[in-house]
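Visitor: I've got a fresh model open on my screen and would like a walk through it. Mind if I fire some questions at you?

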Amino acid sequence: LTLGREPYERVQALQNRLVDRRQRGEIGDALILLEHEPVITLGRRADPAHILADAEALATAGVAVCRSERGGDVTYHGPGQLVGYPILYLPDHQLGASDYMHRLEEVIALTLADFGIASYRRDGIIGVWVGGNKIAALGVRVRGQVTFHGWALNVATDMRHWGLIIPCGITDGGVTSMALELGAAPPMAEVR
């Protein structure tokens with residue numbers, strides 16, 4: 001499913017419906033690709049203090065805040081960011097949750113390599129990095145052995161919004177995008 005720009009809560013509800021249908025065997029594996037309206041999401045282990053802006057500043061910036069059932073801390077989603085939500089039955093792929101996360105990182109790293117961007121995984125921190133900066137965040141949930149939520153790859157994201165949070169609670173690294181690394185934004189359709 002390729003969607004356009006969608007509010008976070010609407011897509012979160014869609015994922016839950018698809019997970020239920022996948023668990024019942026009514027559908028096969030699926031992948032949702034989209035961009036979100038500007039939103040800060042808080043994962044299950046999120047520290048609300050990692051949102052640095054108050055409600056007034058968030059409203060002025062046009063950024064919503066939503067709770068999420070995914071793992072991880074606080075992150076930002078918005079236009080110019082390719083978000084992918086795989087709905088997969090893990091036993092069909094002989095994967096556990098940890099291996100699955102590393103496979104997602106690998107897919108993103110290979111995609112970046114296609115555009116000439118060298119990236120790496122950082123020990124102990126889920127995500128994909130370029131230099132000292134995170135270019136893709138990952139946060140998933142597994143329910144009844146079916147995955148949902150997924151990754152967010154910064155293609156040409158408004159980087160000012162990252163200043164509203166401490167991304168993923170990480171204080172010893174910044175955030176980057178494909179546009180910053182390449183000097184120009186690649187077409188979203190090509191990245192997709």
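Visitor: Does Gln 145 count as buried, exposed or partly exposed, and why?

Guide: One thing up front: this is a predicted model. Gln 145 lies in the loop between strand 9 and strand 10. Buried means under 20% relative accessible area and exposed means over 50%, with partly exposed in between. Gln 145 comes in at 43%, so the label is partly exposed.

Visitor: What is the phi of Gln 145 near?

Guide: Most residues other than glycine have a negative phi. Gln 145 is not a glycine, yet its phi is positive, near 70°.

Visitor: Which residue in the turn between strand 9 and strand 10 has a positive phi of about 60°?

Guide: Strand 9 and strand 10 form a hairpin, with two residues between them. The one in that turn with a positive phi of about 60° is Gly 144.

Visitor: Is His 149 buried or exposed, and why?

Guide: His 149 sits in strand 10. Its phi is positive, about 60°, although it is not a glycine. The relative accessible area of His 149 is 1%, so the residue is buried.

Visitor: How many bridges pair strand 9 with strand 10?

Guide: These two strands run in the antiparallel sense. As one example of who faces whom, Ala 137 stands opposite Ala 152 in strand 10. The count of bridges between strand 9 and strand 10 is eight.

Visitor: Which residue in strand 9 stands opposite Trp 129?

Guide: Strand 8 and strand 9 pair in the antiparallel sense over three bridges. They form a hairpin with two residues between them, and Gly 131 in the turn has a positive phi of about 60°. Across from Trp 129, in strand 9, is Lys 134.

Visitor: Do strand 9 and strand 11 run parallel or antiparallel?

Guide: Strand 11 covers residues 174-175, and two bridges join it to strand 9. In one of these pairings, the bridge partner of Asn 133 is Gly 174 in strand 11. The direction of strand 9 and strand 11 is parallel.

Visitor: Which element gives the most to the lining of the largest cavity?

Guide: The structure holds one cavity of 30 Å³ or more. The elements that give two or more residues to its lining are strand 9 and strand 10. With four residues, the element that gives the most is strand 9.

Visitor: How many nonpolar residues are in the lining of the largest cavity?

Guide: The largest cavity has a volume of about 40 Å³. Its lining includes Ile 135, Trp 162, Pro 167 and Val 175. By class there is one polar residue and one charged residue, and the number of nonpolar ones is eight.

Visitor: Which strand supplies the largest share of the lining of the largest pocket?

Guide: The largest pocket has a volume of about 360 Å³. Strand 5, strand 8, strand 9 and strand 10 each supply at least two residues of its lining. The largest share, five residues, comes from strand 9.

Visitor: How many residues line the largest pocket?

Guide: Lying nearest its centre are Arg 70, Gly 71, Gly 72, Leu 138 and Gly 139. By class, the lining divides into 13 nonpolar, seven polar and five charged residues. The full lining numbers 25 residues.

Visitor: In strand 5, which residue points the one way together with Val 74?

Guide: Strand 3 and strand 5 run antiparallel, joined by four bridges, and Leu 42 stands opposite Val 74. Thr 75 and His 77 point the other way from strand 5, and they are buried too. Sharing the direction of Val 74 is Tyr 76.

Visitor: What span does helix 1 reach from its first C-alpha to its last?

Guide: Helix 1 runs over residues 8-23, and its buried residues include Tyr 8, Val 11, Leu 18 and Arg 22. After the helix comes Gly 25, with a positive phi near 75°. At 1.5 Å a residue, 22 Å is expected for the 16 residues, and the helix is close to that at 23 Å.

Visitor: And what is the radius of gyration of the protein chain?

Guide: The chain comes to five helices and 11 strands, and 49% of its residues count as buried. With 192 residues, a compact globule would have a radius near 16 Å, so the chain agrees with that rule at 16 Å.

Methods
Residues are numbered from 1 along each chain as its sequence is written. This is a predicted model: local features need pLDDT of at least 70, side-chain atom pairs count only at pLDDT 80 or more; totals for chains, interfaces and linings use all residues. Side-chain values use heavy atoms; hydrogens and water are left out. The expected span of a helix is 1.5 Å times one less than its number of residues. Buried means under 20% relative accessible area, exposed over 50%, partly exposed in between (1.4 Å probe, protein chains only). On a 1 Å grid over the protein atoms alone, a cavity is a set of points where a 1.4 Å probe fits but cannot get out, and a pocket is an open set with protein on both sides within 12 Å along at least five of seven lines; lining residues have an atom within 4 Å of a point. Grid points are joined across faces, edges and corners, and a volume is the space filled by probe spheres set on the points. Ala, Val, Leu, Ile, Met, Phe, Trp, Tyr, Cys and Pro count as nonpolar, Asp, Glu, Lys and Arg as charged, and the others, Gly among them, as polar. Two strands pair if DSSP finds at least two bridges between them. The radius of gyration is taken over C-alpha atoms; the globule rule is 2.2 Å times the number of residues to the power 0.38.
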